[in-house]
Amino acid sequence: MNGILNEGNLSLKLVGSVLGEDVYAKNKSIPLLRKGTVLNERHIFVLQSHLNHNNLRLETCSIHQPSISVEELEQNYKESLGQLKSIFEDLEAAINGSASNQPLQQLEHMYTPMLNTIVAEDEHFELLKLLRKDDEFTYVHSLNVGVVSSIIGKLLAMDKEEILLLGETGILHDIGKLSIPLSVLKKNGQLDPEEWELIRNHTVEGVQILKNMGETRTKVIMGTLLHHERLDGSGYPYGVREDVIPFHAQIISVADTYDAITAVRPYKGEQSPIVAVMILMEETAKGKLSSAITVPFTKYLMDQFIGQQVLLNTGEQGTIITVYDDMPHCPLVYLGENVYIDLRFDHTRSLKDVVSY
Ligand SMILES: [Fe+2]
């Protein structure tokens, strides 16, 4: 069903409508939103300040309502965290020889509800915001990486089995850390070569632990073994390159990096998803991470900040107006007084952070 958008009816009722033509800013030369954009709350907010023309053509579409509330999501995440904590404690005891149970099967019951939510929903940002930032404990970081990996799989339109497998691999990817003494894992200072070797070895150790527990799936094994490898050969433990690292393992690397940036660590505070976008794209430009993964993921993250105030490297503040598919980290920013900056073409300015998050 077609409709019309103008200043008179520009309201949240239009969320879910599809633009039937391109929309330009007031000086008519800057494209704000492209034909085919499905309007969300943030687009409506931007259009309220920047729409210049009346009677735009709209094609309406059905609105997807989230089937789960933020409260349920939070409950879901907290339950999974609690269960994973006790499973990892059992695993640690088993690995260190003081118990003999093999709790790998328990994991399935724990992760399924959490990951099924990701498969079923189209909006994931609330969940990303919920992830615990104090993730120095292996079980918290593991669940976070499982959640982020699954979300990336969903964004890449993978099928349900693949999304669940990514989640499971994320949850298991650092299992080798359970065999590293806490005094090394949490050391707040320079590691000596022996300690560093122990850390580097958590990937190989993780595979050994998984095999001992009967894990045979190649993707889980390779994701655990290769999540610290980088496409340019600069990673560890083997320094292998892109052609050897399966795509599935590359997704775990991106999710692991995202969680490391947004988490609080002994040496740094929490950083916003905008900072994570900039670092992920920097690592992509250096040839370390795959653009086939980072571009759709950072596009999704950047879309959440449309209409929000951001800080540029120059100290200027502006509003994100449009995020581009191919260069999501270089959006169109409105600085006020009719000045629109397209960061794709402005080489003196770049995005630094969101003003408040
Ligand atoms: Fe790791």
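Before the first view, one term: two strands count as paired if DSSP finds at least two bridges between them.

**View 1. Here's a predicted model, seen at its open sheet of 5 strands.** The strands line up in the order 9-8-7-6-10, and their pairing is antiparallel. Strand 9 (339-342) and strand 10 (351-354) sit at the edges with a single partner strand each, so one side of each has no neighbour in the sheet. Going from one strand to the next, the twist averages 40 degrees.

**View 2. Zooming in on strands 8 and 9, which run antiparallel.** Strand 8 covers residues 332-336, and 4 bridges join it to strand 9. Look for Val333: its bridge partner in strand 9 is Ile341.

**View 3. Helix 12 packs on the sheet.** This helix takes in residues 273-285 and touches strand 6 (309-312) as well as strand 10. Its direction makes about 155 degrees with that of strand 10.

**View 4. Stepping back to the domains of the protein chain.** The domain assignment gives domain 1 (2-59), domain 2 (70-267) and domain 3 (272-357). Taken over C-alpha atoms, the centres of domain 1 and domain 3 are 21 Å apart.

**View 5. Where domain 1 touches domain 3.** Here 11 residues of domain 1 are in contact with 8 residues of domain 3. On the domain 1 side, strand 4 (31-33) and helix 1 (41-50) are the elements giving two or more residues. Helix 1 provides the largest share, 5 residues. As for the mix on that side of domain 1, you'll find 6 nonpolar, 3 polar and 2 charged residues.

Technical notes
Residues are numbered from 1 along each chain as its sequence is written. This is a predicted model: local features need pLDDT of at least 70, side-chain atom pairs count only at pLDDT 80 or more; totals for chains, interfaces and linings use all residues. Helices (H or I, at least four residues) and strands (E, at least two) are DSSP runs, numbered from the N terminus. Axes are lines fitted to C-alpha atoms, for helices over the stretch in contact, and angles run from 0 to 180 degrees between N-to-C directions. Two residues are in contact if their C-beta atoms, placed from the backbone, lie within 7 Å. Domain bounds come from an automatic or database domain assignment. Ala, Val, Leu, Ile, Met, Phe, Trp, Tyr, Cys and Pro count as nonpolar, Asp, Glu, Lys and Arg as charged, and the others, Gly among them, as polar.
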